[in-house]
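Let us walk through a protein model together, one step at a time. Please keep the picture open and look for each part as it comes up.

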Amino acid sequence: MNAGDGSKTRWIGGTEPPAKVRAMNGVQILEKECREQPVRLSELVSAYAGSGGIRSELKKLQAIEDTDGPVLVAGMGASFCSGVTAATLLQSQGRNAFVVDAGEWLHYGLPVWEQMAGTILLTTSGESAELVELCKKKPDKPLALICNNEGSKCWELADICLPILAGPEYGNATKTYTNATAAAIVAASEMLQRDWQRDARQAWDAFSEALEQVFALKGKLEEFCRDAANIEVIGRGPSYGAAFMGALCIREMTGVRSAACTGAGFRHGPLLDVNETHVAIILAMGRAAELGVRLARDCNQRGGRVVLVSAEQHETSEKLLAVKIGQVPEPWEAITSVLVPQALTLGMVEKHGAKLPPRFSYGPMVE
């Protein structure tokens, strides 16, 4: 089969999907891939703990840790969201690190790239034009790649290659975000020589349980958020990565304009125009959870509706829908808390249809 210009079709995942999958619409693909997440996450945790090849690549990360300078974490879109968690973990454990948009770094950061200890680059396809160009321009410092496409150009060019192991993904980033975030947490933990396997198993248990509980609320979430003029997803630390991803999921799949903010950033401006047309999805998880709870109260006082995601029990009211998710070790809340925006998105597209059709092959990769 050709792509229409005489070239061979570049199927996502490297193989043509079955006819049954290609016949699915955007709503069906979204639910299928969301519900695959626990299995894919379990497979990744097992592989990163026990695969000799992956363990060998993880050991190479010590070259970054042993080098002076900050650790650069770079990605775009959903991959940037996963990078937020890796950088946050490194910072919280005393290692200088920061996350950047890879496209911005390509055009503005190259003059200082040699000052970095090394780079962790995240990309699902491994073929995005900006990421490929970065791999070509990389300095003489270690470049670690976290990628879902082992046949990609980025995989060929990177020094250290870690697979996302999410399988082909044809809709919005769901299972690739979850697995890329888990891989980034493991990579950062290995650099810090920090045990991660018990925390990962606890997170998997909580994630699997939360998915069933939260997805059972998809209709209630849609009804609560219906007719909102603005939906903003708010989090801090690892949950900011989940907030960014959650807002992307809502916006891409439904066409409803949604944006992500840090909790502090939301207080410095956006809070001022909250009224009855506004919905805030506040991911009050982790060490800064109480700040999220306080922000929820302030939004309610201004007339706004709030979906409050927390490990604690909160009372639901006309303007506050409380969703409890089990506590997980930091920074694994980056994957559990994103389930609420995912469930809301599914509830919305089931009622109104999906704006983003499935994509079974890679299109042109341009800046």
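**A helix and its cover**

The buried residues of α8 are covered by a set of elements that includes α7 (102-108), β3 (118-123), β4 (143-147) and α9 (153-157). Contact here means heavy atoms within 4.5 Å. Helix α8 itself spans residues 129-137, and its buried residues are Glu130, Leu131, Val132, Leu134 and Cys135. Buried means under 20% relative accessible area, exposed means over 50%, and partly exposed lies in between (1.4 Å probe, protein chains only). Helices (H or I, at least four residues) and strands (E, at least two) are DSSP runs, numbered from the N terminus.

Some ground rules before we go on. This is a predicted model, in which local features need pLDDT of at least 70 and side-chain atom pairs count only at pLDDT 80 or more, while totals for chains, interfaces and linings use all residues. Residues are numbered from 1 along each chain as its sequence is written, and side-chain values use heavy atoms, with hydrogens and water left out.

**The whole chain**

Now step back and look at the whole chain. The protein chain holds 17 helices and 10 strands. Its radius of gyration is 20 Å, close to the 21 Å that the globule rule gives for 367 residues, so the chain is as compact as a globular protein of that length. That radius is taken over C-alpha atoms, and the globule rule is 2.2 Å times the number of residues to the power 0.38. Along the principal axes, the C-alpha trace spans about 55 × 50 × 40 Å.

How much of the chain is buried? Of the 367 residues, 55% count as buried. Among contacts with a separation of 6 or more, 75% are between residues 24 or more positions apart. On the outside, the accessible surface of the protein chain comes to about 15300 Å², and carbon and sulfur atoms supply 48% of that. This area comes from the Shrake-Rupley method with a 1.4 Å probe.

**Into the core**

Next, look inside. A nonpolar core is a set of buried Ala, Val, Leu, Ile, Met, Phe, Trp, Tyr and Cys residues joined through side-chain atoms within 4.5 Å. The largest one has 83 residues, and those touching the most other members are Tyr48, Leu61, Ile146, Ile281, Val307 and Val340. Helix α10 (residues 175-191) gives this core its largest share, 10 residues. A second, separate core has 20 residues, including Leu72, Leu121, Cys147 and Trp155.

What does Tyr48 touch, leaving aside its neighbours within four places in sequence? Its contacts are Ile54, Arg55, Leu58, Leu162, Pro163, Leu165, Ala183, Val186 and Trp196.

**Unusual backbone spots**

One residue on that list, Leu165, is worth a second look. Leu165 sits in the loop between β5 (160-163) and α10, and its phi is near 60°, a positive value in a residue other than glycine. Most residues other than glycine have a negative phi, and most peptide bonds are trans. At 27% relative accessibility, Leu165 counts as partly exposed.

Asp227 also has a positive phi, of about 70°, although it is not a glycine. You can find Asp227 in the loop between α12 (218-225) and β6 (230-235). Is Asp227 buried or exposed? With a relative accessible area of 71%, Asp227 is exposed.

Where is Pro331? Pro331 lies in the loop between β10 (320-324) and α16 (333-336). The peptide bond leading to Pro331 from Glu330 is cis, with omega near 10°.

**Back to the start of the chain**

Finally, visit the segment before α1 (19-22), where you will find Pro17. Ile12 is in that segment as well. Pro17 counts as buried because its relative accessibility is 4%, and Ile12 is buried with a relative accessible area of 6%.

Leaving aside neighbours within four places in sequence, Pro17 is in contact with Trp11, Arg22, Tyr170 and Phe360. With the same neighbours left aside, Ile12 is in contact with Pro168, Glu169, Tyr170, Arg359, Phe360, Ser361 and Tyr362.

Helix α2 (residues 26-35) contains Gln28, which is partly exposed at a relative accessible area of 42%. Gln28 and Glu350 are 322 residues apart in sequence, and their C-alpha atoms are 9.0 Å apart in space.
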